[in-house]
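Trainee: Could you take one part of this model and walk me through the packing there? I would like a close look, then its wider setting.

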Amino acid sequence: MNGKTPGFNVIGQLAALRRYALSLVRNPDEAEDLVHDALVKAYERQSTFRTGASVRNWLMSILHNAHIDRLRQRRSQERRHDAAAEVAETSVPANQDHSVRLTQLRNAFFALPEEQREALHLVAIEELSYQEAAETLGIPVGTLMSRVARARQRLRAFEQSGTAAPVTHLRIVGGTGDDKQ
């Protein structure tokens, strides 16, 4: 793909790859994503290409395998979602106070600054190691640890206060404003 291998014309195969991808997924956007994934894999595995072999067949094979990988991943995800739905159906709904508290906690999480929220999500929810999360975000591990610590500190402060951020979009209707409760 860098032009060093003779007969390695990937650009000339794009139209065929796009057609094949479209026939596999039947969605133009998904087909483009599939072609992209296949080209990335081909670039990463360029050293496995046998000189004199058909570039077209090699690329089509990579595209096909990428499609199969996506199907397996989708099926696996559907099975996990189905299993989670079964568990959710057998669980007891939370009482109103608990439900309100969870909503407040969720809102507090989403109110975190983006950099803290994404760091905490990767570590606490996706269960990535600090190293993996730092690599995902493209930041040093120390920076990631600092962001996670600040996010946890803010959520702890929220939990200890027992209240969500003040609601400013609500107002008392029909009162004089000087009512003491």
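Mentor: We start at one helix position and work outward to the cores and an aromatic pair. Keep in mind that this is a predicted model.

Take Ala38. Its place is in helix H2, which covers residues 28–44. Ala38 has a relative accessible area of 2%. That is under 20%, so Ala38 counts as buried. Now look at what it touches. Setting aside neighbours within four places in sequence, Ala38 is in contact with Ile62 and Leu63. Ser61 is 23 residues away from Ala38 in sequence, and their C-alpha atoms are 9.1 Å apart.

Next, the core. The largest nonpolar core has 21 residues. Leu17, Leu34, Val35, Leu39, Leu59 and Leu63 have the most contacts inside it. Helix H1 (14–25), H2 and helix H3 (55–90) are the elements that each give this core two or more residues. H3 gives the most, with 7 residues. Follow Leu59. Not counting residues up to four places away in sequence, Leu59 touches Val10, Gln13, Leu17, Leu39 and Ala42.

There is also a second, separate core. It has 15 residues, among them Ala108, Val148, Ala151 and Phe158.

Last, the rings. A search of the whole structure finds 2 aromatic pairs. One of them joins Phe109 and Phe110: the ring centres are 5.4 Å apart and the planes stand at 70°, so the pair is edge-to-face. The burial of the two residues is as follows. Phe109 is buried, with a relative accessible area of 14%. Phe110 is partly exposed, at 44%.

Notes
Residues are numbered from 1 along each chain as its sequence is written. This is a predicted model: local features need pLDDT of at least 70, side-chain atom pairs count only at pLDDT 80 or more; totals for chains, interfaces and linings use all residues. Side-chain values use heavy atoms; hydrogens and water are left out. Helices (H or I, at least four residues) and strands (E, at least two) are DSSP runs, numbered from the N terminus. Buried means under 20% relative accessible area, exposed over 50%, partly exposed in between (1.4 Å probe, protein chains only). Contact means heavy atoms within 4.5 Å. A nonpolar core is a set of buried Ala, Val, Leu, Ile, Met, Phe, Trp, Tyr and Cys residues joined through side-chain atoms within 4.5 Å. Rings of Phe, Tyr and Trp (its six-membered ring) pair if their centres lie within 6.5 Å; planes under 30 degrees apart count as stacked, over 60 as edge-to-face and the rest as tilted.
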